[in-house]
Amino acid sequence: MSLGEMTPVGGTWDPCGFSTPVAAPMTSASVVSPRLIRIAAALLLGPDGRTLLVRKRNTRAFMQPGGKIEAHETPLQALARELEEELGLRITAEQASFLGQFSAPAANEPGFTVQAELFQLSIAAQVTPAAEIEEVIWIDPATDGDVELAPLTRDLILPFYRDSLTAIA
């Protein structure tokens, strides 16, 4: 079997606590559609309960921080890399709670769908926009923050989080 027929699944733990993928034979279920963008995203919550959203340079919609999962990465590894590159935020695996997989039309790539592996993290650290991030805002998750939101954030992630708050109350 050649490397071209392999895809990362499973894994072992590295010293930083992030899973390192191992190769397994490809199946039809592991083939990703060319119109699908696989991302890792964060529901970042501050001490006051607000959530952090980002806006990429030359775009209008705010969204969860995160980004594309590279072929050699697990979703959590991709999230850690993206948060450090985009916000200067270093995380550990223990800080992240997996919330699920969510899919919606891509905000900035017409005709594409984003499939997000979503993790919740509570942070108190200051963040600074870097790389392609133009702006960061903290919003009350009970509102839309009076800004344009990406479909994934507007239609799925914020409603999911709001529902979880009402379920706890």
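Biologist: Hi! Which residue does the side chain of R154 meet in a salt bridge?
Modeller: Hello! R154 pairs with D155, and the N to O distance is 2.7 Å. Keep in mind that this is a predicted model.

Biologist: Thanks! Is R154 buried or exposed?
Modeller: Neither, really: R154 is partly exposed, with a relative accessible area of 41%. Its partner D155 is also in the partly exposed class, at 42%.

Biologist: Why can two side chains like that pair up at all?
Modeller: Side chains that carry opposite charge can pair when their charged atoms come close.

Biologist: OK, and how many salt bridges does the structure hold?
Modeller: There are nine salt bridges in the structure.

Biologist: Which residues are joined into one network by salt bridges that share partners?
Modeller: That network consists of E73, R81, E82 and E85.

Biologist: What about R50, who is its partner?
Modeller: R50 meets D48, side chain to side chain, at 2.7 Å from N to O. R50 is partly exposed, at 35% relative accessible area.

Biologist: And which residue does E135 meet?
Modeller: E135 forms a salt bridge with R55, with 3.1 Å between N and O. E135 sits in strand β8 (residues 133-139) and R55 in strand β4, so this pair links parts that are 80 residues apart in sequence.

Biologist: Nice! Are those two buried or exposed?
Modeller: They fall into separate classes. E135 is partly exposed, with 31% relative accessibility. R55 is buried, with a relative accessible area of 15%, because anything under 20% counts as buried.

Biologist: Let's change topic. What is in the largest nonpolar core?
Modeller: That core has 24 residues. Those touching the most other members are L44, L79, L83, L87, L89, I91 and L121.

Biologist: Which elements give two or more residues to it?
Modeller: Three strands and a helix do: β3 (36-45), β4 (51-56), β7 (113-122) and α1 (75-87).

Biologist: Which of them gives the most?
Modeller: That is α1, which supplies six residues.

Biologist: Can we zoom in on L79? What is it in contact with?
Modeller: Sure! If we leave aside neighbours within four places in sequence, L79 is in contact with A40, A41 and A42, with P65 and G66, and with I91, F119 and L121. Two of those names, I91 and L121, came up in the core list too.

Biologist: Last one: how many residues are in the second, separate core?
Modeller: The second core has 14 residues, among them I39, L43, L152 and I157.

Notes. Residues numbered from 1 in each chain as written. Predicted model: local features only at pLDDT ≥ 70, side-chain atom pairs only at ≥ 80, totals over all residues. Heavy atoms only, no water. Core = buried A, V, L, I, M, F, W, Y, C linked by side-chain atoms within 4.5 Å. Buried < 20%, exposed > 50% of the residue type's maximum accessible area, 1.4 Å probe, protein only. Helix = DSSP H or I, 4+ residues; strand = E, 2+ residues; numbered from the N terminus. Contact = heavy atoms within 4.5 Å. Salt bridge = Lys/Arg side-chain N within 4 Å of Asp/Glu carboxyl O.
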